[in-house]
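Trainee: Could you take me through one part of this structure slowly? I'd love a close look at the sheet and what sits around it.

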Amino acid sequence: MLEMRLLCLLIAFSAAMRYKKAMESKKITVMHKLLKANDAIAGEIRKKLKDKNIFFVNLMSSPGSGKTTLIEETVRKLGKKIKVIEGDIQTTLDAERLQKLGVQAYQINTGPFGGDCHLEAAWIQTAIDELGLDGMDLLFVENIGNLVCPAEFDVGAHLNVLLISVTEGEDKPLKYPLAFQVSQLCLVTKTDFLPLKNFSLKKLRENIKKVNPACAVVEVSAHDGTGLESWIEILRNKPKF
Ligand SMILES: Nc1nc2c(ncn2[C@@H]2O[C@H](COP(=O)(O)OP(=O)(O)OP(=O)(O)O)[C@@H](O)[C@H]2O)c(=O)[nH]1
Ligand SMILES: [Mg+2]
């Protein structure tokens, strides 16, 4: 009797394992299809903007690393042919900040649709249609603040830029490698805080090189102006365009 029960348990267990495995492979297939569809739209965006001579930059970082502040400083230095797609889970605060400077900004809020922590190419496509291509030579996407999900979705940018502030710690490239691997440029922000922080720029640079040896690194401070000329020069030179 005991043997029979054990046998039934074994059969039930192996059926459950087979079901779990089947569901996992289904999940992977669905995710794979989703990313493939996203990549196709991202490729179209990249080409369309290049054909119109519009340089498209995707800014990614943890919340509060200084993305909106950097865009504000860029607008002050480069003028008004800049449009911005703002990604946030809630609020239109960042778009309002930019509109105060006369910048056309389109806010995407993912909160009402489940609170996605990234932007997808299809949404960027819609935002570009709404903003229009005229009167623009530089387009920014400010991605949703985190170092995980935005790295998984190509938005069609010509340049992916990862911001990391000196208050976040030198270990972040090792903990969140994908965000650094998909970026061609890393901006180390808030360097004006360096005198107050126990933070090693050398260590951070070493960790970035460990996960992405090709990633360029520039130190900036929106508050005291450090590195902003280098940043503007990069935008003027349009790398990877
Ligand atoms: N000291 C210093 N503070 C900065 C610098 N850049 C931004 N900040 C401050 O950091 C805070 C966050 O800056 P934001 O530009 O809003 O950061 P964000 O990355 O856009 O934030 P989210 O959109 O919420 O992810 C603000 O209080 C800024 O004034 C900088 O270079 N130095
Ligand atoms: Mg912001």
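Mentor: Sure, and one term before we start: two residues are in contact if their C-beta atoms, placed from the backbone, lie within 7 Å. With that in hand, look at the contacts between residues at least 6 apart in sequence: 76% of them join residues at least 24 apart. Keep in mind that this is a predicted model. The chain has 241 residues, and 34% of them count as buried. Its secondary structure comes to eight helices and seven strands.

Now to the sheet. It's an open sheet of seven strands with parallel pairing, and the order across it is β3-β2-β4-β1-β5-β6-β7. The edges are taken by β3 (104-109) and β7 (216-219); each has a single partner strand, so one side of each is left without a neighbour in the sheet. On average, neighbouring strands are turned by 20° against each other, if you ignore direction.

Helices pack on this sheet too. Take α2 (residues 67-78): this helix touches β1 (55-61), β2 (82-88), β4 (138-142) and β5 (159-165), and its direction makes about 165° with that of β4. Then there's α4 (residues 121-131), which lies across β2, β3 and β4 and runs at about 150° to β3.

Let's zoom in on β6, residues 185-189. Four of the five residues of β6 are buried, so this strand is largely enclosed by the rest of the structure. What does β6 pair with? On one hand there's β5, which runs parallel to β6 and is joined to it by five bridges. You can pick out a bridge here: Ile 164 has Val 188 in β6 as its partner. On the other hand there's β7, again paired with β6 in the parallel sense, over four bridges. Find Cys 186 and you'll see that its bridge partner in β7 is Val 217. Likewise, Leu 187 has Val 218 of β7 as its bridge partner.

And how does the chain get from β6 to β7? Which helix does it pass through? The answer is α7 (residues 201-211), and this β-α-β crossover is right-handed. While you're tracing these strands, here's a handy rule: in a regular strand the side chains alternate between the two faces of the sheet.

Methods. Residues numbered from 1 in each chain as written. Chains lettered and ligands numbered in written order. Predicted model: local features only at pLDDT ≥ 70, side-chain atom pairs only at ≥ 80, totals over all residues. Helix = DSSP H or I, 4+ residues; strand = E, 2+ residues; numbered from the N terminus. Buried ≥ 20, exposed ≤ 12 C-beta atoms within 10 Å, placed from the backbone. Pairing = 2+ DSSP bridges. Axes fitted to C-alpha atoms, helices over the stretch in contact; angles between N-to-C directions. Right-handed = clockwise from strand over helix to strand, strands pointing away.
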